[in-house]
Amino acid sequence: PYLFPTGKGYFDGNITLNEYLKMRSMQLFSKFTLVQEYLLVMIHIYMVHQILGQVNGSALADALRRVREQHPKLSDKEVFRRVVRKLAPPAITGTPNYYRQNLHELLVYALAKAMPHLFVTLTADELSELKWECVRDLEASLEPCLLPGMTWQDVPTECARLFHDRMMHLLHEHILRPDGSGMFGRVQGYMLRYESQTR
């Protein structure tokens with residue numbers, strides 16, 4: 001299964017990097033999602049790929065020169081960090097351009113649909129006695145797959161997938177019913193936001 005889809009087990013360029021990363025992240029409870037170092041390296045490669053694909057070389061060189069002129073005492077590492085934060089495309093979560101684009105989209109949405117008047121939250125707590133029943137069932141069935149001492153905090157991809165599936169169930173089965181029979185009646189518009197509290 002690790003050699004899927006090409007029989008080679010590595011990214012060979014026949015599919016896009018985004019498709020490859022999505023395919024690997026769907027292989028739940030495999031070495032591609034359980035090894036956190038692999039996930040971190042893939043996120044880093046994705047970010048570099050996004051930046052290099054959307055920023056031309058002359059803009060990058062100009063930005064590096066300006067930061068070095070303004071802050072001559074900064075190390076090379078800090079100079080690159082500042083330039084990347086400034087030039088990073090909105091596709092990279094947490095960058096200034098990401099927040100700027102999300103703010104613009106929210107303002108346009110509010111202008112077109114009016115201000116939201118209802119806030120619904122769905123919370124997943126995998127550590128307390130209030131954990132979802134499906135989490136308990138999944139923990140029991142997957143205990144043999146996990147290494148000794150592993151908890152749900154050690155399988156972030158699987159947690160995110162489970163939460164997303166539960167969110168879509170809540171949304172489509174209880175709120176956005178096609179016939180308007182959802183718990184809030186006919187919904188004219190909605191926005192989703194996922195947060196990780198990391199507590």
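Colleague: What makes Y99 exposed?
Modeller: Keep in mind this is a predicted model. Y99 has a relative accessible area of 52%, and exposed means over 50%, so Y99 counts as exposed.

Colleague: And why is Y98 called partly exposed?
Modeller: Y98 comes out at 25% relative accessibility. Buried would need under 20% and exposed over 50%, so Y98 falls in between.

Colleague: Why are Y98 and Y99 called an edge-to-face pair?
Modeller: Their ring centres are 5.2 Å apart and the planes make an angle of 75 degrees. Pairing needs centres within 6.5 Å, and edge-to-face needs over 60 degrees, so both conditions are met. A search of the whole structure turns up 1 aromatic pair.

Colleague: On to charges. How many salt bridges does a search of the whole structure find?
Modeller: There are 6.

Colleague: What makes R81 and E78 a salt bridge?
Modeller: Their side chains come to 2.7 Å, N to O. The cut-off is within 4 Å, so the pair qualifies. R81 and E78 sit 3 residues apart in helix α5 (residues 76-87), which means about one helical turn separates them.

Colleague: How do you know that D165 and R161 form a salt bridge?
Modeller: The closest N and O atoms are 3.8 Å apart, and the limit is within 4 Å, so D165 and R161 count too. Both belong to helix α8 (residues 156-175), with their positions 4 residues apart, about one turn of the helix. Elsewhere, D62, R65 and E69 are joined into one network by salt bridges that share partners.

Note on methods
Residues are numbered from 1 along each chain as its sequence is written. This is a predicted model: local features need pLDDT of at least 70, side-chain atom pairs count only at pLDDT 80 or more; totals for chains, interfaces and linings use all residues. Side-chain values use heavy atoms; hydrogens and water are left out. Rings of Phe, Tyr and Trp (its six-membered ring) pair if their centres lie within 6.5 Å; planes under 30 degrees apart count as stacked, over 60 as edge-to-face and the rest as tilted. Buried means under 20% relative accessible area, exposed over 50%, partly exposed in between (1.4 Å probe, protein chains only). Helices (H or I, at least four residues) and strands (E, at least two) are DSSP runs, numbered from the N terminus.
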